[in-house]
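Trainee: Before I use the vocabulary of this model at the bench, I would like to go through the terms and ask what stands behind each of them.

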Amino acid sequence: MTAMAIAVVAGAEAQGVGETEITKWPDGKRAGMSITYDDGSLNQFRIAVPIMDKLGLPATFHVNTGRIPGGSHWTGRHIGRTWEEIAAEAKTVPTNAENVFERASAMRFIPFRGAGGVFTTAGIEIDADRMAEGIRIIDDFYRKLNAGELEPVAPRQAGGREPQEGELTWDLARELTARGYEFSSHMVTHPYMSALDAPNILYELEAGRDEMRRQLGVRSTLVGEMPYDTEVERAFELMLPVFPVARSRPWFKYTMELHQPGWSKMAEEEREYVMMRQTVYTRTTLDELNGWVDTAAAGDNIWLVTVHHGIDGIGWEAMTREDMEAHFRHVVERERDVWVGTFGDGARYVKERLSAVVTAAVCEKCGAITVTVDHPLDKELFDMPLTLRTAVDPSWEEAKVTQGERAVVVPVVREGGRSYVMYCAVPGDEAIKIQKQ
Ligand SMILES: [Zn+2]
């Protein structure tokens, strides 16, 4: 093998032999799907995991790292002045746009009945950009506190709880991670991030990430998911340097509902991938659930991301185990067209593909093709193999594809008057050799 002629990836050399593309989804499938669960409620592990085990489906669990019993290093805490100092100040200084985030952050840990609930009520208002109402609720809370109208309770004992039968523990999370499930930080304590001040937003982000790294390893620090699907910009500005990928803020356009006006007007490159994020509610019917999968399978570069919470009466918006199993069986039936993987692997594949550089060269003498593929992303986090398609000479029936120590024989596929081989490659590893078999 001497004299290599560069045959180029997108160029139009004779018959295009050597032309190589990265398929939009792994294994050349038409669409992607990621099944996700929020909040780590009990039946996700007692009911959903056994069903998914049986059917061979992967999934992602977004969990609150400080609430998992059995060894969390970081639990919920307030960063900043003591609540006593803040409450004392509230006697003379009314709650305003300047101090509202500090007061909201602290009140989560004030040991008086109802404090956490009032924080959440105020958080709903602040998250929805109704700041005046949020301020009013918080001011009212501190006024009652200072007037002695609230009932004291014992401070919450963090992390000391015994797990219930079948509940998620860090040991179980490690076991499930080893079996291909994914865990990601849904923050330490599930707060309304938009109602916290910057030091407390950063604590929820960074302590959650550190917990994932300590407990489950660096791959589990790729994805973060803010509670309540917060869309507030000041929280995202702090989040994106900590987690490269957020489920509620993908780097490409997405639409909550596929037919939402506007999505068809997106620029072509933005439409290359469309995330279809769908929350499953108690009222969601099995037909609707399966319809989402069929929409994805019909092809349009859709990444369907389903968001589950409760199951069989435990957890928010619980669905039944019967519907869940019937839905997952439907997913399996569509796997011929739909790649199903964890949210992190979907994000890895898409981001790697969009940033990858591919080169290809054909040996003039022997006809062997040499392909390289690499991407500039952090390979500790972005370690997903890519699926490549390379055009080969139409006289080939089979090809041997070698990358380093790995070698496979793959069939030549004919499609649209072209002949090509499809194979898996690890970006940044050795060059890939494709030879007639
Ligand atoms: Zn949640």
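Mentor: What follows takes the terms one at a time, and please keep in mind throughout that this is a predicted model.

Trainee: Let me begin with the loops: why is Asp27 counted as exposed?

Mentor: The cut-off for exposed is 12 or fewer other C-beta atoms within 10 Å, and Asp27 has 11 such neighbours, so it counts as exposed. Asp27 is placed in the loop between β2 (20–22) and β3, and it has a positive phi of about 60° although it is not a glycine.

Trainee: And what makes Asp129 exposed?

Mentor: The reasoning uses the cut-off of 12 or fewer: Asp129 has 10 other C-beta atoms within 10 Å and is therefore exposed. Asp129 lies in the loop between α4 (115–127) and α5 (131–146), and its phi is positive as well, at about 70°, although Asp129 is not a glycine.

Trainee: How do you know that the buried residues of α11 are on the same side of the helix?

Mentor: The buried residues in question are Met324, His327, Phe328 and Val331, and because they cover an arc of only 100° around the axis, they fall on the same side of α11. What covers them includes β3, α1, α10 (286–297) and β11 (338–340).

Trainee: What makes the length of α11 close to the expected one?

Mentor: Helix α11 (residues 321–333) has 13 residues, for which 18 Å is expected at 1.5 Å a residue, and from its first C-alpha to its last it reaches 18 Å.

Trainee: Why are β3 and β4 said to pair?

Mentor: Pairing needs at least two bridges, and strand β3 (residues 31–38) and β4 have three, in the parallel sense, so they qualify. One partnership is that of Tyr37 with Phe61 in β4. On its other pairing, β4 joins strand β5 (residues 182–185) over four bridges, also in the parallel sense, with Thr60 opposite Glu182.

Trainee: Which residues of β4 point one way, and which the other?

Mentor: Thr60 and His62 point one way from strand β4 (residues 60–63), Phe61 and Val63 point the other way, and all are buried. In a regular strand the side chains alternate between the two faces of the sheet.

Trainee: Finally, which residues have the most contacts inside the largest nonpolar core?

Mentor: That core has 87 residues, and those with the most contacts inside it are Met33, Ala104, Met276, Ala296 and Leu304. Its largest share, six residues, comes from helix α7 (residues 198–216).

How values were computed:
Residues are numbered from 1 along each chain as its sequence is written. This is a predicted model: local features need pLDDT of at least 70, side-chain atom pairs count only at pLDDT 80 or more; totals for chains, interfaces and linings use all residues. A nonpolar core is a set of buried Ala, Val, Leu, Ile, Met, Phe, Trp, Tyr and Cys residues joined through C-beta atoms within 7 Å. A residue is buried if 20 or more other C-beta atoms lie within 10 Å of its own, exposed if 12 or fewer, and partly exposed in between; C-beta atoms are placed from the backbone. The expected span of a helix is 1.5 Å times one less than its number of residues. The arc is that of the directions from the helix axis to the C-beta atoms. Two residues are in contact if their C-beta atoms, placed from the backbone, lie within 7 Å.
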